[in-house]
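Biologist: Could you walk me through this model, one question at a time? I would like to see how the pieces pack together.

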Amino acid sequence: MQGESADPPARPRRTRRPGRHPVRLCHHHQPPPLMISAHIGDWGPVCTPAGRFRLAPVRIERDLPVLARWMNDPAVARFWELAGPPAVTADHVRSQLADAGRSVPCIGVLDGMPMSYWEIYRADLDPLAHHYPARPHDTGLHVLIGAVGDRGRGLGSILLRAVADLALARKPASPRVVAEPDLRNIPSVTAFLNAGFYFSAETDMPTKRAALMVRDRSLCHLM
């Protein structure tokens with residue numbers, strides 16, 4: 001399972017006000033709420049049919065060895081394209097951590113065992129927004145299941161549903177959760193469908209043709 005953003009979003013710029021003119025507060029000009037790792041760390045744990053699950057925001061010094069091992073699994077590397085020495089994975093994760101609060105990389109921990117990698121991000125502020133009709137505060141997901149033994153048995157669907165439900169519950173401004181797995185990654189697309197997402201469209205992105213998957217807040221009670 002996977003989903004990779006097209007490229008790092010532009011960094012926000014700070015402006016300087018010349019002279020001594022008073023600064024007036026314009027609340028509608030305040031930056032929008034972003035993804036905050038401390039907030040996501042408080043989302044769980046939750047009980048799922050597979051066990052007790054929580055998202056732990058990544059700490060590179062703690063998590064890099066396991067992340068680099070997962071990224072070098074051929075099945076993962078085919079879609080994430082981060083195989084190589086640990087520095088390759090570290091650079092990618094640092095780019096997420098430095099992303100001005102727009103994306104939070106997390107380790108998925110099931111019954112105390114690290115077993116998946118997640119990126120929870122503001123899809124409406126991501127380059128993905130250029131490829132679909134984004135809505136304000138759309139939440140995006142990228143995910144990979146780390147261990148071979150955890151794949152192909154429905155675990156991905158269970159956790160995708162749990163994380164999507166958490167995002168909608170903890171982010172009341174978010175109207176939906178979206179993802180863009182590679183169309184060639186049939187197991188990933190199937191997992192999203194089984195987790196209550198629906199297929200919205202095919203979209204051409206810089207590195208792949210993607211399936212836009214959507215879990216809409218207004219439809220959650222029907223799934």
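**Helix faces and cores**

Modeller: Let's start with helix H6: its face turned away from the buried side carries the exposed residues Ile186, Pro187 and Asn194. Here exposed means over 50% relative accessible area, buried under 20%, and partly exposed in between (1.4 Å probe, protein chains only). Helices (H or I, at least four residues) and strands (E, at least two) are DSSP runs, numbered from the N terminus. This is a predicted model, where local features need pLDDT of at least 70 and side-chain atom pairs count only at pLDDT 80 or more, while totals for chains, interfaces and linings use all residues. Residues are numbered from 1 along each chain as its sequence is written, and side-chain values use heavy atoms, with hydrogens and water left out.

Biologist: Within what arc do the buried residues of H6 fall, seen down its axis?

Modeller: The buried residues in H6 are Ser188, Val189, Ala191 and Phe192. The arc is that of the directions from the helix axis to the C-beta atoms. These buried residues line one face of the helix, because they fall within an arc of 160°.

Biologist: What covers the buried residues of H6?

Modeller: Cover here goes by contact, meaning heavy atoms within 4.5 Å. For the buried residues of H6, the cover includes S5, H5, S6 and S8.

Biologist: Which residues does Ser157 contact, leaving aside neighbours within four places in sequence?

Modeller: Ser157 has its place in helix H5. With a relative accessible area of 12%, Ser157 is buried. Its contacts, beyond those neighbours, are Thr190, Ala191, Asn194 and Ala195.

Biologist: Which element gives the largest share of the largest nonpolar core?

Modeller: A nonpolar core is a set of buried Ala, Val, Leu, Ile, Met, Phe, Trp, Tyr and Cys residues joined through side-chain atoms within 4.5 Å. The largest one has 32 residues, and Phe53, Leu55, Trp118 and Phe197 are among those with the most contacts inside it. Elements giving two or more residues to this core include strand S2 (51-57), strand S5 (139-145) and helix H6 (186-194). The largest share, nine residues, comes from H5.

Biologist: How many residues does the other core have?

Modeller: That core lies apart from the largest one, and Trp70, Leu82, Val93 and Tyr117 are among its members. Its size is 17 residues.

Biologist: Within what arc do the buried residues of H4 fall?

Modeller: Helix H4 covers residues 86-97. Its buried residues are Thr89, Ala90, His92, Val93 and Gln96. Seen down the helix axis, they line one face, because they fall within an arc of 165°.

Biologist: Which residues does Ala90 touch, not counting residues up to four places away in sequence?

Modeller: Ala90 lies in helix H4 and is buried, with a relative accessible area of 3%. The cover over the buried residues of H4 includes helix H2 (60-71) and helix H3 (74-80). Outside its sequence neighbours, Ala90 touches Ile60 and Leu64.

Biologist: How many disulfides does the structure hold?

Modeller: A disulfide is a pair of cysteine sulfur atoms within 2.5 Å. Cys47 is exposed, with a relative accessible area of 67%, whereas Cys106 is buried at 0%. The number of disulfides in the structure is zero.

Biologist: What percentage of the protein's residues count as buried?

Modeller: The protein has six helices and eight strands. Of its 223 residues, the buried part comes to 49%.

Technical notes
The expected span of a helix is 1.5 Å times one less than its number of residues.
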